[in-house]
Amino acid sequence: MSGRSRAAVLLAAVVSFSAVLVPSAHAAPKAPRTAVLDGARLQQTRARLDRDPQLRRALEDLTARADSWLDQGPWTVVDKPKPAPGGDVHDYLSQAPYWWPTTTPTADNPWGCPYVQRDGQRNPEVDSGTDRQDVEKVFDSAYDLSLAWYYTGRRSYAEKAGQILRTWFLDPATRMNPDLDHAQFIPCKYDGRAIGIIDFSQSYTSVLDAQAILATGAPGWSSGDRTAMSKWNTDFLGWLKNSDFGRQEGAAANNHGTFYDMQLAALAYATGDTALARRTVLDARSRRIDPQIAADGSQPQELARTRSWHYSTFDLVAYTRLAAIGRQVGVDLWSYRGPDGQSMFKAVDYLLPAATGSAAWPHPELEFHRYAASDVVHAAADAGDRAARAAVPKLQTPPGGDLWALRPAAEQLDSIAG
């Protein structure tokens, strides 16, 4: 083959690969009405893919994640070996991660009760027999697949995302009931706990945004799916607002309370109650920032944990997403300053020495991962924090690549449950 022929073949291969990753401009979907992600920014990013090498590299990481989901799932709450207390297989069930049996299980005491708490030490038995691991896969896969479809136009991504969401939330035979009455139960002690709401609040906004992305015209996600999913979200929001567990979680004075507010605001926005979404973000100034962030930017309730680095970054995931929802309803949470100078900027800046590797984290941490702060530093940099902007090049890349340019909404990058 001549050099010219080889060049022609190579060019054709490149064009073909590009066509898979970036569909023609006339096929571009509209900006989605996302709750946390900025829909207009997603649309603008998509338009730049064919001329921005950095975005293309990030897209390769995203599509690799999406490809890995294509032969997995779908998952359902009815597959667990034992139903939740009460016997309804459609009820979500998870087990408290930091509670451990004190005796060897026997026929008369099959759980090994009583259970005792070991903060930050995850009991491996919680990862089998309940819905906790499967729901994480539902959340992550729906998010990755919907974003990959939006940026590439590949039908298989959208269809898989739709199948996953329908199986978990909508199909009568496999759907989950819209409540968390049996989340983070403790054997022989509690059938469920308010604290279990964190199972959903830490990641469910990704599902809300996935639904909004698919609603821009994804194949395999029908108007009937959209209506049914909106009904599920409305019912779940009602439970979150009105149940005893919901009220208890909303009163929490640490990351649980922040994530509750974030989930409440996101569900309200997604279901059309923008007044509740706006009120929740506004109230977070005095309810969350003032008591939970100190004048120096530390988060005392999170520093008291054995996983202080994880929980400090984790709480800021909720704050930065809440600020993103605020942007949708006309509230600038980043600009707020508390009576002692407390602010989200200060909270992120408190993490920067450890996040950039310039200093050790000076608080207890059973398993330090520097990359855990990467997304919240990105968020602060985008919001105008000069120190955070200067820190971005020094951040540690998370496993699977830095996807901030394609999905600018903070994730819990050092994933643990609880």
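1. The expected span of a helix is taken as 1.5 Å times one less than its number of residues, and helix α4 offers a place to apply that rule. In this predicted model, α4 covers residues 132-152, and at 1.5 Å a residue its 21 residues should span 30 Å; the C-alpha atoms at its ends are 30 Å apart, which agrees. The helix is mostly covered, since 18 of its 21 residues are buried. Just after α4 comes Gly-153, which takes a positive phi of about 80°.

2. Turning to the chain as a whole, a new reader will find 16 helices and two strands in it. The radius of gyration of the chain is 22 Å, close to the 22 Å that the globule rule gives for 418 residues, so the chain is as compact as a globular protein of that length. Along its principal axes, the C-alpha trace spans about 80 × 55 × 45 Å.

3. On burial and contacts, 55% of the 418 residues of the chain count as buried. Among the contacts in the chain with a separation of 6 or more, residues 24 or more positions apart account for 73%.

4. As for the surface and the charges, the accessible surface of the chain comes to about 17,000 Å², and carbon and sulfur atoms make up 52% of that area. The chain carries 44 positive and 48 negative side chains, and the centres of these two sets lie 6 Å apart.

5. Helix α5, residues 155-170, can be examined in the manner used for α4. At 1.5 Å a residue, its 16 residues should span 22 Å, and its end C-alpha atoms are 21 Å apart, which agrees. The buried residues of α5 include Tyr-157, Lys-160, Trp-168 and Phe-169, along with Ala-158, Ala-161 and Gly-162. What covers the buried residues of this helix includes α3 (53-69), α4, α6, α7 and α8 (223-242).

6. Two loop residues between α5 and α6 deserve a careful look at their backbone. Most residues other than glycine have a negative phi, and most peptide bonds are trans. Gln-184, in the loop between α5 and α6, has a phi near 50°, a positive value in a residue other than glycine. Cys-188, also found in the loop between α5 and α6, has a positive phi of about 65° although it is not a glycine. Their surroundings can be read from the accessible areas: Gln-184 is buried, with a relative accessible area of 4%, whereas Cys-188 counts as exposed at 57% relative accessibility.

7. There are also cis peptide bonds to inspect. One joins Gly-73 and Pro-74, with omega at about 0°, and Pro-74 is found in the loop between α3 and β1 (99-101). Another runs from Cys-113 to Pro-114, with omega near 5°, and Pro-114 has its place in the loop between β1 and β2 (115-117).

8. Tyr-98 is a further residue of the loop between α3 and β1, and at 5% relative accessibility Tyr-98 counts as buried. Although Tyr-98 and Arg-122 are 24 residues apart along the chain, their C-alpha atoms are separated by 5.0 Å.

9. Ser-203 lies in the loop between α6 (198-201) and α7 (204-214). Buried here means under 20% relative accessible area, and Ser-203, with a relative accessible area of 18%, is therefore counted as buried. Leaving aside residues up to four places away in sequence, Ser-203 touches Phe-139 and Arg-321.

10. Gly-250 has its place in helix α9, residues 244-250, and at 8% relative accessibility Gly-250 counts as buried. When residues up to four places away in sequence are not counted, Gly-250 touches Tyr-260, Arg-287 and Arg-288. Gly-250 and Ile-195 are 55 residues apart in sequence, and the distance between them in space, C-alpha to C-alpha, is 9.9 Å.

Conventions. Residues numbered from 1 in each chain as written. Predicted model: local features only at pLDDT ≥ 70, side-chain atom pairs only at ≥ 80, totals over all residues. Heavy atoms only, no water. Helix = DSSP H or I, 4+ residues; strand = E, 2+ residues; numbered from the N terminus. Rg over C-alpha atoms; globule rule 2.2 N^0.38 Å. Buried < 20%, exposed > 50% of the residue type's maximum accessible area, 1.4 Å probe, protein only. Contact = heavy atoms within 4.5 Å. Areas by Shrake-Rupley, 256 points an atom, 1.4 Å probe, with all protein chains shown as cover. Lys, Arg positive; Asp, Glu negative; His and termini not counted. Charge placed at Lys NZ, Arg CZ, Asp CG, Glu CD.
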